[in-house]
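The following questions and answers introduce a structure to a reader who has not met it before. Please keep the sequence and the model in view while reading.

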Amino acid sequence: MKHRLLQQTRLIPQADTALRERYDVHPLWEEADADAFLARHGGEFAGLVTTSRLGASDALMGKLPNLRVISNFGVGLDAMDVAAARRRGIAVGYTPEVLNDCVADTAFALLMDVSRGVSAADRYVRRGEWLRAPYPLTHRVSGKRLGIFGLGRIGRVIARRAQGFDMEIRYHNRRPAADLPYAYENSLIDLARWADYLVIASTGGAETRHIVSAEVLDALGPQGFLINISRGGNIDEAALVRALQEKRIAGAGLDVFEQEPRVPEAFFALDNVVLLPHVASATHETRADMAQLVLDNLEAFFRTGAVKVSAL
Ligand code: 8YV
């Protein structure tokens, strides 16, 4: 008999098909009234497939009284009540490591774009403005100072990329990482003051909410660029809009926002910000690897009682 799984949203087509072949999957997104459906059928599900965007709340787990395993598509756990899962004895699998390269690449794409004006210059060419005047000068990336907030799995790959650009690297974390050659700054504000580029690569959630404040932006200063590939909530977005409008920082490259998919319209009028729709891990290759890990975590759990890569 196939295990019955609740799937919160589509992943990628080949993974959705593989899930349906191996399990008795119910697509929750097709239910007009999810609460009513769960009230009637919540007890049927042994597993939940979710994503970092949707996560799983304690309330949702409560509606699934026989839930034993959650398999999360993504590394971020800010929407997942990990403590509730632990308390309820539910295993949680997730997909770290496999997305490090693509997220680090995207951090660099944003960094290069906002410094050299790639997107802005492209718009300039399309508007026919090159016919009237050359594009204004931009900013050199190579050899500059890169400050990384959150030197975890992804932050470390960003640091490796930066070495190829002969950049000087410092970082701030909850604590210094003993195994790395980069200098540690004691606070985010000190790191911002030192850096030409401040890359936010930490986790998200309540602990780091609005940690990139107006003060941090002022420490980064009019020559400094901010890059965010972590979570939108880590930045005080209203303060960032003001800092960009008033040119109190040089520019920003953002893949993530506080209220996705809504992006503050004030950004749209500004050429010193590059805006991406949360796509850092969104390549065919990486999404296939993430989906495989979602399947592997479920397979391992139903075979051995433990997921392959646990978030607990
Ligand atoms: C995805 C992410 O956008 O892994 C994460 O935490 O933010 C991204 O990889 C997300 O998981 C897809 O829902």
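Q: Which residues does UniProt list for "domain: D-isomer specific 2-hydroxyacid dehydrogenase NAD-binding"?
A: The feature comes from an unreviewed UniProt entry. UniProt positions are given here in the numbering used for this model, feature names are shortened, and annotations may be inferred rather than shown by experiment. The record lists residues 108–280.

Q: At what pLDDT do side-chain atom pairs count in this model?
A: Residues are numbered from 1 along each chain as its sequence is written, and side-chain values use heavy atoms, with hydrogens and water left out. The model is predicted, local features need pLDDT of at least 70, totals for chains, interfaces and linings use all residues, and side-chain atom pairs count only at pLDDT 80 or more.

Q: How far apart are the end C-alpha atoms of residues 108–280?
A: Helices (H or I, at least four residues) and strands (E, at least two) are DSSP runs, numbered from the N terminus. By this rule, residues 108–280 are 30% helix and 16% strand. The end C-alpha atoms of this span are separated by 10 Å.

Q: What are the helix and strand contents of residues 27–307?
A: UniProt, in an unreviewed entry, places "domain: D-isomer specific 2-hydroxyacid dehydrogenase catalytic" at residues 27–307. The end C-alpha atoms of that span lie 22 Å apart. Its content is 36% helix and 15% strand.

Q: How many residues of the shell around the ligand are charged?
A: The residues around the ligand, those with a heavy atom within 4 Å of it, include Thr 51, Phe 73, Leu 99, Arg 231, His 278, Arg 287 and Met 290. Ala, Val, Leu, Ile, Met, Phe, Trp, Tyr, Cys and Pro count as nonpolar, Asp, Glu, Lys and Arg as charged, and the others, Gly among them, as polar. On that basis the shell has four nonpolar residues and six polar ones, while the number of charged residues is two.

Q: Which residue has a side-chain N or O atom 2.7 Å from an oxygen atom of the ligand?
A: A polar contact is a pair of N or O atoms within 3.5 Å; within protein, one must be able to donate a hydrogen and the other to accept it, and residues adjacent in sequence count only if both atoms are side-chain atoms. Polar backbone atoms of Val 75 and of Gly 76 each lie 2.8 Å from a ligand oxygen. The side-chain contact at 2.7 Å belongs to Ser 281.

Q: What share of the ligand's accessible area does the protein cover?
A: Accessible areas come from the Shrake-Rupley method with a 1.4 Å probe; for residues, only the protein chains shown count as cover. On its own the ligand has 330 Å² of accessible area, and the protein covers 88%.

Q: Is His 278 buried, exposed or partly exposed?
A: His 278, in the loop between β12 and α11, has a positive phi of about 45° although it is not a glycine. Buried means under 20% relative accessible area, exposed over 50%, and partly exposed in between (1.4 Å probe, protein chains only). Because its relative accessibility is 32%, His 278 counts as partly exposed.

Q: What is the relative accessible area of Lys 247?
A: Lys 247 lies in the loop between α10 (237–245) and β11. Although not a glycine, Lys 247 has a positive phi of about 55°. Lys 247 is exposed because its relative accessible area is 57%.

Q: Which residue's backbone oxygen lies 2.8 Å from a polar side-chain atom of Gln 8?
A: Gln 8 is found in the loop between β1 (4–7) and α1. At 15% relative accessibility, Gln 8 counts as buried. The backbone oxygen in question belongs to Gly 55.

Q: What is the angle between the planes of Tyr 23 and Phe 302?
A: Rings of Phe, Tyr and Trp (its six-membered ring) pair if their centres lie within 6.5 Å; planes under 30 degrees apart count as stacked, over 60 as edge-to-face and the rest as tilted. The structure holds eight aromatic pairs. One of them joins Tyr 23 and Phe 302, 5.7 Å centre to centre and tilted, with an angle of 45°.

Q: How many residues apart are Tyr 23 and Phe 302?
A: Tyr 23 is buried because its relative accessibility is 7%, and Phe 302 is buried at 19%. Tyr 23 is in the loop between α1 (13–22) and β2 (24–27), whereas Phe 302 is in helix α11 (residues 284–304). Their pair links distant parts of the chain, with a separation of 279 residues.
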